[in-house]
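Dear colleague,

I am handing over the structure below, together with notes on what was found in it. Please read the notes with the model open beside them.

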Amino acid sequence: MTETSPIILVLPGGGYTHLAPHEGEPVAEWLRSIGWRARVVEYPVHTRHPGPLKAVQDAIAEERAAGASIVGVLGFSAGGHVAGLASVTPDAAPDVRPDFAILGYPVVSMVSETHRGSREQLIGLDASDELRRSVSVDLLVTDVSPPMFIWTTAEDASVAIEDHSYALGAALARGGVHHELHVFERGAHGLGLAPGLPASQWVRLAEAWLQYRR
């Protein structure tokens, strides 16, 4: 692989307070094992919007400037939120938008009351309705949003599927955006690669989906 080969930027979760190690380098290593270049982006935490988003956009632009033919993002939880936000932010320049996104149990809505921790860190619990809507990924989807692969579990009590993954899937369907949404019955929040669990099937499913992204 060369510096111009397709690359996937990995964005760990952590509620915008930290970056979970098991959602970082182990995931990048898996991507390399299936033939993708990959690196972890250590976006800033304890930082208000648009700090994390700008860091991800800068990383995407850096890869494009270096000649990467395709730049994707893969994020978990809060990392899934900033990955999704980078994918759908209105009026963003083409060089800072990813070509596709893989989102694991992502935080999607900042209008919902669920996962207040991420909202508190990113925009504050006293944020206006306008600001909350402006960083809710599902409300920003359009018919030109990039393809997305989403997975989560029905037992995730931290980021409820009704408010987040289901809402995003519905928005993508309305926009006619290519996507897959997989919900596994068992598993708590924050599984990462989910080794030894039924939800680990997401790795195989994502690998198959990625075959069409090059």
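Helix α2 passes α3 in a right-handed crossing (that is, the near helix is turned clockwise from the far one by less than a right angle, whereas an anticlockwise turn would be left-handed; helices are DSSP runs of H or I with at least four residues, strands are runs of E with at least two, and both are numbered from the N terminus). The two helices, α2 and α3, pack at an angle of about 65°, and their axes are 9 Å apart, where axes are lines fitted to C-alpha atoms over the stretch in contact and angles run from 0 to 180 degrees between N-to-C directions. On the α2 side the contact (heavy atoms within 4.5 Å) is made by Pro 52, Leu 53, Val 56 and Ile 60, and on the α3 side by Val 82, Leu 85 and Ala 86. By class, this contact has seven nonpolar residues, with no polar and no charged ones; here Ala, Val, Leu, Ile, Met, Phe, Trp, Tyr, Cys and Pro count as nonpolar, Asp, Glu, Lys and Arg as charged, and the others, Gly among them, as polar.

Please bear in mind that this is a predicted model, in which local features need pLDDT of at least 70 and side-chain atom pairs count only at pLDDT 80 or more, while totals for chains, interfaces and linings use all residues. Residues are numbered from 1 along each chain as its sequence is written, and side-chain values use heavy atoms, with hydrogens and water left out.

Turning to the interior, the largest nonpolar core has 38 residues, of which Leu 9, Leu 11, Met 148 and Leu 168 touch the most other members. Such a core is a set of buried Ala, Val, Leu, Ile, Met, Phe, Trp, Tyr and Cys residues joined through side-chain atoms within 4.5 Å, and buried means under 20% relative accessible area, exposed over 50% and partly exposed in between, with a 1.4 Å probe and protein chains only. Among the elements that give two or more residues to this core are β1 (7-11), α2 (51-65), β5 (148-153) and α7 (165-175), but α3 gives the most, with six residues. A second, separate core of 25 residues includes Trp 36, Trp 151, Phe 184 and Ala 194.

Met 148, leaving aside neighbours within four places in sequence, is in contact with residues including Val 88, Leu 103, Leu 168, Leu 172 and Trp 209. In α7 the buried residues are Ser 165, Ala 167, Leu 168, Gly 169, Ala 171 and Leu 172, and what covers them includes β4, α6, β5 and β6 (179-184). Just after α7, Gly 176 takes a positive phi of about 70°.

Glu 63 lies in helix α2 and is buried, with a relative accessible area of 8%. The side chain of Glu 63 makes a polar contact with that of Arg 39 at 2.7 Å (a pair of N or O atoms within 3.5 Å; within protein, one must be able to donate a hydrogen and the other to accept it, and residues adjacent in sequence count only if both atoms are side-chain atoms).

Finally, the loop between β2 (37-40) and α2 holds Pro 50, which is joined to His 49 by a cis peptide bond with omega about 10°. His 46 is found in the loop between β2 and α2; its phi is near 50°, a positive value in a residue other than glycine, and His 46 is exposed, with a relative accessible area of 55%.

With best wishes
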